[in-house]
Amino acid sequence: MPELLSLDQAERLSIEQVHDLYGKYVSRSQVSLIGTFGFGRDLVESAEGAWIQLRDGRAVLDFTGGVGVLNHGHNHPRVLAARDRYRQQRRMEVHKNYFSPYVAALSHNLAALLPGDLNISYFPNSGAEAVEGAVKMAYKYHAGRRGTVLHTDIAFHGKLMGAGSLTASPEIHFDFPQIPGTDSFAYADLDSFHLALERHTDSQGRSDVYAVVLEPFSASSLRECPADFLYEVRRICTEQDIVLIFDEVYTGWGKTGELFHFMRHPGLVPDVLTTSKSFGGGKSSISGYITREPVFRRAYDNLGDATLHSTTYYGFGEETATALAAVSVAVEEDFPGRARKLGELLSAGLADLAARHSGLVASVAGRGALHGVYLRQGPTLPKAVRDLIPLSLAKDPQVTAKLLTGAVIAALYRDHNILTFFGSNQRIALIVSPPLVAGEEEVQIFLRALDDVLSRGVRRLLTDFVREKISAAKAVR
Ligand SMILES: Cc1ncc(COP(=O)(O)O)c(C=O)c1O
């Protein structure tokens, strides 16, 4: 028998052993990459709310929001209770021969919370699967008679082949094969949208576009579509019978101050809405797409097509039971209101820091519990720093912003035990994204720490960071 590591042994691995196993069996390059940003040297013991407890006893304030997963914070007690209860009652998992009461209840609750006739739900496991399911359904809605799907020039919809074909973020920088018939328009730009539609309209005025997929708030670039743009896109899609898909995989469940970002705009209803991340309360890997009734009925609702789209884990018991609890928490604990309050504190605090550190901070942007701090491109790098970095990086037009943002993130972690992360869709940003269970005190801890780090100035931040990067890279090699 091969010698297998037990759960017990896994929990007792040292960081060196974890690096070693990652290097051999997961990804060597991931170990190097995370190391050069000053991370990956600590192991987590436990996590609760906005705080992570490291094995070495340090408490880290988590302002990453778990990249959208942690609106509920770590290990929300009601989310944990739902999972414990499910297990204690020995509930059944996946089965094709029985209906799931959890899927039934979760679908009901989504229909009750969402506007219009967004009534029919399907629950796969990741954001990209939800996007692909939505686009596939739109194609089927038109019975294969239309062949074009439009996305925006800053879109991020995931990294599977299909969702990746609809993604324009530089995070996907390799030419994978594309699903056929994709085209793009400039984000929030009506003229560009009209031009894209015209490119796919024949001389008889018939559109070949079956779907438009759009993030009303682009979490990766912190931009949002103005109301008039969204209403006009909705009007045109209705007029031309194009399925309008809003991707709120990231922004759902209160993050920007409404249950879903598009609900800021009265009367605006997409044909399909995608969700994931905090839908699972930080515990379950569940996503969903919720469809307007006539679209679903025409696409799939007949006996012949009833299983045309399915996945093995659709209706996974514990995942949907967890999502039921996560959704109740988001509603009953008023996550949208919490996000608005956090947003007021962050907007005011970050604007103040931007004014006081105007040599370093170019601008700030965001809404609710999702903000970005953009650091300046210039001044040119100090020679001491240029001499330390690879030539290819030195030639990157965004090199200063990249290094400075990396330096601020590393210093916040190293010197203040605060975790933030790096946004890199077109412009480089320091992403500030507290969980919605964070309070004013945590925001003030963060703002004071950022003030301290920015006070060090460009030269010291860069020199410290590059030196540390080099020694970290040597250590992992
Ligand atoms: C708006 C949006 N759509 C889709 C995805 C893809 O989700 P997943 O990584 O779960 O596939 C993401 C992930 O960050 C996202 O932000």
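Me: Where does leucine 222 lie?

Reply: Leucine 222 sits in the loop between β8 (217–218) and β9 (223–224). Helices (H or I, at least four residues) and strands (E, at least two) are DSSP runs, numbered from the N terminus. The model is predicted, with local features requiring pLDDT of at least 70, side-chain atom pairs counting only at pLDDT 80 or more, and totals for chains, interfaces and linings using all residues. Residues are numbered from 1 along each chain as its sequence is written, and side-chain values use heavy atoms, with hydrogens and water left out.

Me: Why is leucine 222 called buried?

Reply: Buried means under 20% relative accessible area, exposed over 50%, and partly exposed in between (1.4 Å probe, protein chains only). Leucine 222 has 7% relative accessibility, so it counts as buried.

Me: What makes the backbone of leucine 222 worth a remark?

Reply: Leucine 222 has a positive phi of about 55° although it is not a glycine. Most residues other than glycine have a negative phi.

Me: Which phi does lysine 277 have, and where is its place in the chain?

Reply: The phi of lysine 277 is positive, about 50°, and this residue is not a glycine either. Lysine 277 is in the loop between β11 (272–275) and β12 (288–292).

Me: Why is lysine 277 called partly exposed?

Reply: Its relative accessible area is 22%, and therefore lysine 277 counts as partly exposed.

Me: How do you know that lysine 277 makes a polar contact with the ligand?

Reply: A polar contact is a pair of N or O atoms within 3.5 Å; within protein, one must be able to donate a hydrogen and the other to accept it, and residues adjacent in sequence count only if both atoms are side-chain atoms. An N or O atom in the side chain of lysine 277 is 2.8 Å from an oxygen atom of the ligand. Polar backbone atoms also take part: one of glycine 127 is 2.8 Å from a ligand oxygen, and one of alanine 128 is 2.8 Å from a ligand oxygen. The protein covers 79% of the 390 Å² of accessible area that the ligand has on its own, with areas from the Shrake-Rupley method with a 1.4 Å probe; for residues, only the protein chains shown count as cover.

Me: Which residues surround the ligand, and how many fall in each class?

Reply: Ser126, Gly127, Ala128, Phe156, His157, Gly158, Glu215, Asp247, Val249, Tyr250 and Lys277 surround the ligand. A residue is near if one of its heavy atoms lies within 4 Å. By class, the shell has 4 nonpolar, 4 polar and 3 charged residues. Ala, Val, Leu, Ile, Met, Phe, Trp, Tyr, Cys and Pro count as nonpolar, Asp, Glu, Lys and Arg as charged, and the others, Gly among them, as polar.

Me: Why is threonine 167 called buried?

Reply: Threonine 167 has 10% relative accessibility and therefore counts as buried. It is found in the loop between α7 (161–165) and β6 (182–185). Its side chain reaches the backbone oxygen of alanine 163 at 3.0 Å. Not counting residues up to four places away in sequence, threonine 167 touches Ala155, Phe156, His157, Gly158 and Ile172, where contact means heavy atoms within 4.5 Å.

Me: Why is threonine 307 called exposed?

Reply: With 65% relative accessibility, threonine 307 counts as exposed. Its loop runs between α10 (293–300) and α11 (317–332).

Me: What makes strand β7 mostly covered?

Reply: In β7 (residues 209–214), 6 of its 6 residues are buried.

Me: How do you know that β7 pairs with β5 and β10?

Reply: Two strands pair if DSSP finds at least two bridges between them. Strand β5 (residues 148–152) runs parallel to β7 with 3 bridges, and valine 149 has alanine 211 as its bridge partner in β7. Strand β10 (residues 243–247) is joined to β7 by 4 bridges, also in parallel, with valine 212 opposite leucine 244.

Me: In which sense do β2 and β3 pair?

Reply: Strands β2 (residues 51–54) and β3 (residues 59–62) are antiparallel, with 3 bridges. Isoleucine 52 has valine 60 as its bridge partner in β3. The two strands form a hairpin with 4 residues between them, and glycine 57 in the turn has a positive phi of about 100°.

Me: Why is valine 453 called buried?

Reply: Its relative accessibility is 0%, so valine 453 counts as buried. Valine 453 is found in helix α16 (residues 440–454). Leaving aside neighbours within four places in sequence, its contacts are Val408, Ala411, Leu412, His416 and Leu461.
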